[in-house]
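Reader: I'm more at home with gels than with models. Could you walk me through how to read this one?

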Amino acid sequence: MALVLNLLVQIAQMALVLAIAPLFTGYVRKVKAHLLRRQGPPLVQPYRELLRLLRKDVVLANTASWVFRVAPYLIFATTWVAASLIPTFATGLIFSYAADMIAIVALLGSARFMLALAGLDVGTSFGGIGSSREMLIASLAEPAMLMVVFTLSLLAGSTQLSSIAASLQASDVGLRFSLALALIGLTMVAIAENSRIPVDNPATHLELTMVHEAMILEYSGRHLALIEAAASLKLLLYVSVIACVFFPWGIAVSGQGLVAYLGGVGVYVLKLAAAGFLLAVFETATAKMRVFRVPDFLGAALMLGFLAALLLFVTMAG
Amino acid sequence: MSGGGSFFVGAVLIIPAVSAGLLAVLPDNRATARLNALAAFLTFVAATVLFWERPAAGHFLIVDDLNVVFIVLSTFVGFTTSVFSGSYIAHELETGRLTPIYLRFYHAMYQTLMFAMNLALLSNNVGLMWVAIELATLTTVLMVGIYRTPAALEAAWKYFLLGSVGIAFALFGTILVYLAAHAVVGEGLDAMTWSVLVKRSPEFDPALLNLAFLFLLLGYGTKVGLVPLHAWLPDAHAEGPTPISAVLSGLLLNVALFAVLRFKSVMSANPGAFAPGPLMVSLGLLSVVFASFMLYRRHDIKRMFGYSSIEHMGIITFAFGMGGPLANFAALLHMTLHSLTKSGIFFCVGNIAQVKGTQNMRDIRGLTVSHPVLGWGLVLGVAAIAGLPPMGIFMTEFLIVSTTFARSPLLAVTLGLSLLVAFGALLLRLNGLAFGDPHGSREPVRASFVPMFAHFALVIAAGIWLPPALVAWFQHVAGLLR
Amino acid sequence: MDPLALDVAHLFAGGLVLVSFMLLYQDRMTGLVNTFALHALVVSLSVAWQAHIQHAPHLYITAAIALIVKAIIIPLALHRIIVQLGIHRTIETVVGIGQTMLAGIGLVALSIMVMLPITAKAGTLTQQDLAFALAVLLLGLLMMISRRNAVSQVIGFMSIENGLILAATGAKGMPLVVEISVAFSILIALIVIGVFLFRIRESFDTVDIHALHEYRGEQP
Amino acid sequence: MALEGLLWCIGGLLATSMAAVPAARLRAGSPMVYGAALCLSVVALGIAAASLFIGHSLLGALTLPVGLPWLGAHFRLDSLAAFFLVVVNLGATTASIYGIGYGRHEETPGRVLPFFPAFLAAMNLVVLADDAFTFLFAWEFMSLASWALVMAHHRRPGNAAAGYLYLIMASFGTLALLFAFGLLAGPAGGYAFDAIRAAPPGAGAAAAVLVLALIGAGSKAGLVPLHVWLPLAHPAAPSHVSALMSGVMTKVAVYGVVRIVFDLLGVPTWWAGALVALLGGVTAVMGVLHALMEHDLKRLLAYHTVENIGIIFIGLGLALAFGANGMRTAAALALTAALFHVFNHSVFKSLLFFGSGAVLTATGERDMEHLGGLIHRMPLTAFAFLIGSAAISALPPFNGFVSEWLTFQAILLSPGLPQWLLKFLVPAIGALLALSAALAAACFVKAFGVTFLGRPRTDAARNAAETDRWSLATMFILGAICLVAGILPGYFIDALAPVAHVLAGAHLPRQGELDWLTIIPVAQSRSSYNGLLLFLIIALAAGLGVEVIHRWASDELRRSAPWDCGFPDSSPATQYTAGSFSQPIRRVFGSVVFRAREEVRMPPPGDLQAAQMHVRMRDLLWDALYAPVTRLVGFVADQLNKVQFLSIRAYLTLVFSALVVLLMVLAVWH
């Protein structure tokens, strides 16, 4: 019975993230537009774009190989699965034991790997720029991410998101300075991973400044649609991770009944709204930095994570 | 006590002596080369019999565990070298570096040398041993100078003088030993008979023994080629005919070291005398370090392997100096294996030098391409001399270094590192000689590779399995040497 | 035996050391050769004396060899070589004769020091005789390395050998002395022949056909 | 008993190498030799696997009357040896299969065939040896055989030098091990491992032995800073031998460390763990950074061997640290992670080297800058190589990820350690590990992307043809293993349990019968991973995506020139090269680690000659450690060499002074 329920929750989760991801992207855009005193596109604009792309033909470069064509599906599938493993509105997802936090990061890594390869596949210079910068940023982001994970597992004694959420919900943890540090670190990592300002600008097509956009420059039609969907799923994923780990309140525990689940969804949406707003504000407030400033940015994230761990040692010892 | 034994001992000495006389007078060169080999073979056969048939120790001659192995070894190497020298000398005649008259002289001297070394090994009388070694020195001097090129003459001359001084030291040491002995044993032959000396050594005057051993070590050490008494060795190896280089490295050094060993066992039997160990250790280590660095700047292939002989004699002396059953065993085994390996290498090098027409390593390249057998033979030989498995020297160096490290790490580290340095030099040269694009003549070699590969086969076999009898002898002797 | 005999023996031995010093002192070729003849003479005398007091007739042979070969033949031969090679009459030394003498005295002192601990039971040849022999040996070696000139080096070597003969004959009842001395004389003869044959003039390592040291080893 | 069987296989291999000398002349010689090697290694693999799984009934020891006379050659087959034998013989098997096809392209078979089986035999012997002499004998014999294989193509520039450096470093390592064993055996020479176990050394000696073992075996495994020979020697050999050297021989070196440090040395000390783990972390990062700077495909792979060795040593170090503090299960976890990574790395590194060998034979090129677009000409090779790249980049669902995940789990247990140094050090090492993993992914995007993707940069790449069946078969077998070990890791972890139990005194809970084959190293609530499930869901999701899109959306497809921001079709030269791909990373790390300097020569306006950019990098380690040694040896040699040119009188003076000095000593001594 519980099994079936967990399965249902899992399926609901998969559907939810898939459905809500473009909306979140649209929402962030909308808020940014408002902050810039612009009208901005309607919230459903991303859905429209996806549908349009799906309807269009694919224009494939002569030099493209099967890697280029398979990549979008794999990227999409991987990111989707990763996103659906995160307790957004309810714990006790049936698949959540298939991967802990490290594995989720690694899943995203697989997606990135395919994307970078796809960027190199056609054999143009821009794809190369994108791939090489993407891999640089990723290689700097992962250690920082691991330090955050380390801090969390030090607190919660687990790398399993649901357990972390559960143990951080428990009052005995309380408010800790190192948690704040970890939060900042994770946020910086998330910004870098999702190629947001100041690391990258999702809106730009200025050749020398773009990273993510450069990789997908050759994509079109359904392939592009899948990749865009994957991108917004990834953004949603990171936001949900932050929400679930640092603001675990209101997440329904399995078997609490439908009301709890609906409540969980509501709380989750509220969290997303807040996060999206903050993200928009941050992005409008800051300017994009040079690519070679990124190491400093992520180095700072790493330092924060490390500091968090060390402080935690001290406080736990005391 | 068996008459057979003494008969064979006689044979070991008489066959070379007689054939030396014959070869001095016989004109035709092809026959002489054969006769030379035949005589050496008969001597070898007679020597092998000594494994089973041993006469009792007389005043002059003795066959015991220590020397029987070396007699068989030296007669064996003498035999293989005579086979090798057959083809080698034929080539020298063609190229005209040697004239038939000198060839006659060469063969006679060869057998005389064999006689002298066998006598030195067999002699139970320290005076006789001295005379024999001096004879060996003289004959080798004459053979080193046989090409009469300025370089050869100069090498011979240097060898002669340093050798003579060494001989003088050795004689003084011998006299001192007699003095130490005859106060106890009484006058006459007993006081010079080694077997008696060992037995009665505890009663000797230690001060005299110390002084005696010092002179003996320096005297015979000159022959062994220990630094700083080594100067004659590389040039003698480089300038003489290659078979002589083989015999020098393979046998004469051993014989000299053998003499030192005889006296070391006398020393170590005497409680009052100072332990000869530290002296031998320092001389040996000095030789190893010095030789291993000297290897780097060599361009003459034979001189390089001469220096490698110094290095290995240093290792052996070092090991004997360290003492203890393991180190002594290793040192004895190392003596055996080194003489086999080094003479094998010289067989190979001799052919290389003949086919390439030069001893300068700058002009010899890519042998494994142009002359595969010689090239790979050289690779095998260098690997063996460098102590790589499965060749036997690996076992001895393993024992020496590991036992030394447990006792005094500093010595072991010095030894091990200088072994590595030496290996670096040898391998550097080997890279140039055996590999890369071939250079110079590609004409096929007309020589028998049997002696070379026979030696290497023995060395490999020794590295994998040692006959228990040999082990038993060596262990007994190792115990005797303390 | 009576102490007088031993004293005479010691006298000869000491005399040998003295002559060795005289050898070091020489700065003229001819004088050097003559002094060496004297050296050989002293040796043969002492050997003969040993033969007398030890009642060892075979030692007379050694004495005879010493006398004939080293006191007569070789000096004559050396004179011829000197004439033939036209070696200039003065011997150029590596270090001044004065310092050489000092070094020699040091060597004698050293050999005495070395011999001190030897107990009297060591036999008929007592400490001081051994000390003398060792001193002669060391002085000869010193001569070999302190003289640039081939003939004087040969002479140095032969004086070493004399010292050895002294020691050997002094060792009472030592067998094979004759054989050994014979073997040694062969060695000496060969060296002299070598000097003569290779026309070695200046020092052992230059034959006047070529300057041989260029052949020694590879050029750096 | 199993041991006899293995020894017979080794004997067979040696006999094969003997027979290969004449056989090399025959045309059918190469397949015959590789076939024989294949059969023997398959048998050995079977025996080893059986004795690993069945355990006690098959394990055992025996002594042969060879080697040191009074000692004999001791051999022992325990679970540790069995595991490493599986690794060795799996590599041997695949290399032999590959060799059957690859051997056809060999121009001088006479220089490869005799040494190949000998090399296999030597590696087996090392693992089986149970006394110091046999161990070092086999060890050095392994070096010798592999050296001969490195020298197989001695006429190619640089190979002779590589072989020289290799054999010198190998002998240096053997020397260090010799010292270590000398210390363990003592002056009496108790060389048998049983004797050593019976009399463990004191603390000081143990420390010395540890350091010596790290130097000795580490130089063979490629531990920084003793790694310099590895990227030169491994690529110089024929590719299947490179695979063996990189994939297997380095593991034999790891075996040496494990055998000495965990088995012979007894109870470890915590600082040993810190030392080993730190070395591992540094090695991992240095290796991958070197690899990123590399354009030579095989050399890049060799540098990645250095990196993975580092990862393995991190695991070993953690195991030591935990074991020293009595945290048995944690030690078991770390050790299992390390050993599992040993297996994984041997698999995917062999795969990758086989792929590079296929590329080499198809194009004759090792330089990636001259390749590109091979995926169109050699699709199957490309596919296999892609799997290998994903596996070595530690991406799920492949095996590389699982072992690194386990290592991370071990790192996350480090807060339990009492020593503060370890508390602080291990997270840093974890960061290094993460960094190296991420950089590895970057490096293999470069390797695969530049070699196989894009457009061909030379005619060699343009006219390449797919490689032979044998090679492909080998690569796909290995690729399958990568996937299986990635999605069903539980069984492999269980297979390692006995080894962990022997060495760490504990082992992980049985994973095999957990529901859905999830692996749970410590506790359900702590962390778990299920490769199978992930693989299935992703496949499902991807399938769903494909299905939906091709049902509802357009599946029209038009071919055209690349868009490329509207530039007209540019030449392949405008593609990103390996150098330009790694340029950002070089800017970030290289300027510190390699003193990388970029020199751009821009011609003045109006000048038509091309602008040039030149990158100059220095290997600081070489400058700091190796160059001085060579200089010193040269200097001393020059100084001493003067002694060769003295006059005879000078030599006599030497003799004289020696005599006088000794006499003085004597005089004083009395």
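Author: Sure, starting with helix crossings. A helix axis here is a line fitted to C-alpha atoms over the stretch in contact, and the angle, from 0 to 180 degrees, is taken between N-to-C directions. Keep in mind that this is a predicted model.

Reader: Okay, at what angle do the axes of helix 3 and helix 20 of chain D cross?

Author: Roughly 135°, and the axes come within 8 Å of each other. Helix 3 covers residues 79–102 of chain D and helix 20 covers residues 489–504. Angles over 145 would count as roughly antiparallel and 65 to 115 as roughly perpendicular, so helix 3 and helix 20 of chain D are oblique to each other. The crossing is left-handed.

Reader: Which residues make that contact?

Author: From helix 3 of chain D, D:Ser79, D:Leu80 and D:Phe83; from helix 20 of chain D, D:Leu496, D:Pro498, D:Val499, D:Val502 and D:Leu503. As a general idea, an α-helix has 3.6 residues a turn, so residues three or four places apart point the same way.

Reader: Let's move to chain B. How many helices and strands does it have?

Author: Chain B has 19 helices and 0 strands. For the overall form, compare the radius of gyration with that of a compact globule: 482 residues would give one near 23 Å, and chain B has 21 Å, which agrees. Its C-alpha trace spans about 65 × 55 × 40 Å along the principal axes. As for burial, 69% of the residues of chain B count as buried.

Reader: And how do I check a single helix?

Author: Compare its expected span with the distance between its ends. Take helix 16 of chain B, residues 393–407: at 1.5 Å a residue, its 15 residues should span 21 Å, and the end C-alpha atoms are 21 Å apart, which agrees. Since 14 of those 15 residues are buried, helix 16 of chain B is largely enclosed by the rest of the structure.

Reader: Which chains share the most contacts?

Author: Of the 4 pairs of chains in contact, that's chains A and D. By contrast, no contact joins chains A and B, whose closest C-alpha atoms lie 40 Å apart. Chains A and C have no contact either, with their closest C-alpha atoms 54 Å apart.

Reader: One last spot: is A:Arg176 buried or partly exposed?

Author: Count the neighbours: A:Arg176 has 17 C-beta neighbours inside 10 Å, so it counts as partly exposed. A:Arg176 sits in the loop between helix 6 and helix 7 of chain A.

How values were computed:
Residues are numbered from 1 along each chain as its sequence is written. Chains are lettered from A and ligands numbered from 1 in the order in which they are written. This is a predicted model: local features need pLDDT of at least 70, side-chain atom pairs count only at pLDDT 80 or more; totals for chains, interfaces and linings use all residues. Helices (H or I, at least four residues) and strands (E, at least two) are DSSP runs, numbered from the N terminus. The expected span of a helix is 1.5 Å times one less than its number of residues. A residue is buried if 20 or more other C-beta atoms lie within 10 Å of its own, exposed if 12 or fewer, and partly exposed in between; C-beta atoms are placed from the backbone. The radius of gyration is taken over C-alpha atoms; the globule rule is 2.2 Å times the number of residues to the power 0.38. Angles under 35 degrees count as roughly parallel, over 145 as roughly antiparallel, 65 to 115 as roughly perpendicular and the rest as oblique. A crossing is left-handed if the near helix is turned anticlockwise from the far one by less than a right angle, and right-handed if clockwise. Two residues are in contact if their C-beta atoms, placed from the backbone, lie within 7 Å.
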